[in-house]
Amino acid sequence: MVWENQTFNSIFILLGIFNHSPTHTFLFSLVLGIFSVAFMENIAMVLLIYVDKQLHTPMYFLLSQLSLMDLMLICTTLPKMAFSYLSGKKSISLPGCGTQIFFYVSLLGAECFLLAVMAYDRYVAICHPLRYTILMNPKLCVFMTVASWTLGSLDGIIVLAAVLSFSYCGSLEIHHFFCDVAALLPLSCTETSAFERLLFICCVVMLILPVSVIILSYSRVLRTVIHMGSGESRRKAFTTCSSHLSVVGLYYGAAMFMYMRPASKHTPDQDKMVSAFYTILTPMLNPLIYSLRNKEVFRALQKVLKKRKLI
């Protein structure tokens with residue numbers, strides 16, 4: 001019991017991703033700029049879809065949930081990283097570490113499932129437009145969204161329970177800018193091979209199954225697009241699908257690279273770079289690709305700004 005209390009009261013040191021050299025100071029400022037843009041973009045998307053009744057459709061409801069997940073994801077990791085860099089206080093307790101891990105894993109998992117739901121929504125809209133209101137009715141849309149949040153949270157609980165059950169000894173320096181599971185495992189005195197197998201199974205459920213749904217949905221969509229009679233409709237549908245697939249490929253590719261490799265294959269610098277990609281860049285890119293280039297969203301934004309007499 002004493003050892004468990006000592007472990008629970010352990011203080012870890014987040015070594016971070018930047019030092020105070022001029023180059024790293026510039027990169028830190030750039031990351032803060034990206035964070036600010038992503039924060040404002042995703043808040044704007046959530047509020048815009050909420051206030052504009054014309055955007056109260058399944059597709060935009062799903063986009064608002066994606067923005068909410070991205071907003072929570074960047075707020076889980078970036079503020080602590082910025083505080084540690086600016087203040088020099090790099091310590092974090094095990095409960096604080098566990099909190100980061102729970103929200104981080106839960107949000108990643110929920111977003112994986114939500115992207116699959118969004119792919120299904122596009123499949124129905126393009127391949128079965130006349131049956132869209134039946135196959136993608138509001139109740140089903142809400143159910144699939146709640147299921148995405150629930151499955152992501154369940155994965156977060158499983159990972160958190162395992163992490164808190166480990167004993168930690170020796171150096172408590174985490175070679176990362178937040179408490180990532182892969183960076184925490186080398187610090188454990190407990191045998192983690194069973195957990196690594198569990199983590200691999202969770203990744204199969206979280207990554208491979210949604211990717212399969214996405215590939216199947218978009219393959220059907222592309223086949224339908226090719227046979228469209230209107231060149232304008234074909235171009236619009238193809239542009240939308242290709243942009244969606246590019247984000248999906250980058251997001252899932254980075255996640256698979258991080259969590260479907262053995263712990264022995266991980267290197268701190270590599271993990272930090274890959275994690276920075278999908279925890280910082282992806283939340284900024286998603287609103288641009290999925291929403292803000294959309295004419296309906298742009299019109300809704302103009303309408304809101306005119307009401308506020310800003311333009």
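Which side chain of opposite charge is nearest to the buried Glu-111, and how many Å away is it? In this predicted model, the nearest such side chain is that of Arg-122, at 16 Å, and Glu-111, although buried, has no salt bridge. Glu-111 has its place in helix H4, which covers residues 94–127, and its side chain makes a polar contact of 3.4 Å with the side chain of Asn-286.

The UniProt record, an unreviewed entry, places the feature "transmembrane region" at residues 26–51, 60–81, 101–120, 140–168, 198–216, 237–261 and 273–292. For two of these spans, including residues 26–51, the distance between the end C-alpha atoms and the helix and strand content are set out in the table.

| Span | Distance between end C-alpha atoms | Helix | Strand |
|---|---|---|---|
| Residues 26–51 | 37 Å | 100% | 0% |
| Residues 198–216 | 26 Å | 100% | 0% |

On the surface of the model, a nonpolar patch is formed by Leu-151, Leu-154, Ile-158 and Leu-198, which together have about 300 Å² of accessible area. Helix H6, made up of residues 138–165, gives the largest share of this nonpolar patch, namely three residues. Ile-158, one of the residues of the patch, is found in helix H6, and this residue counts as partly exposed because its relative accessibility is 33%, a value that falls between the limits of under 20% for buried and over 50% for exposed.

Notes
Residues numbered from 1 in each chain as written. Predicted model: local features only at pLDDT ≥ 70, side-chain atom pairs only at ≥ 80, totals over all residues. Heavy atoms only, no water. Patch = residues over 30% accessible without salt bridge, like charges linked within 9 Å, V, L, I, M, F, W, Y side chains within 5 Å. Areas by Shrake-Rupley, 256 points an atom, 1.4 Å probe, with all protein chains shown as cover. Salt bridge = Lys/Arg side-chain N within 4 Å of Asp/Glu carboxyl O. Helix = DSSP H or I, 4+ residues; strand = E, 2+ residues; numbered from the N terminus. Buried < 20%, exposed > 50% of the residue type's maximum accessible area, 1.4 Å probe, protein only. UniProt positions renumbered as here; feature names shortened; annotations may be inferred. Lys, Arg positive; Asp, Glu negative; His and termini not counted. Polar contact = N/O pair within 3.5 Å; in protein donor to acceptor, adjacent residues only side chain to side chain.
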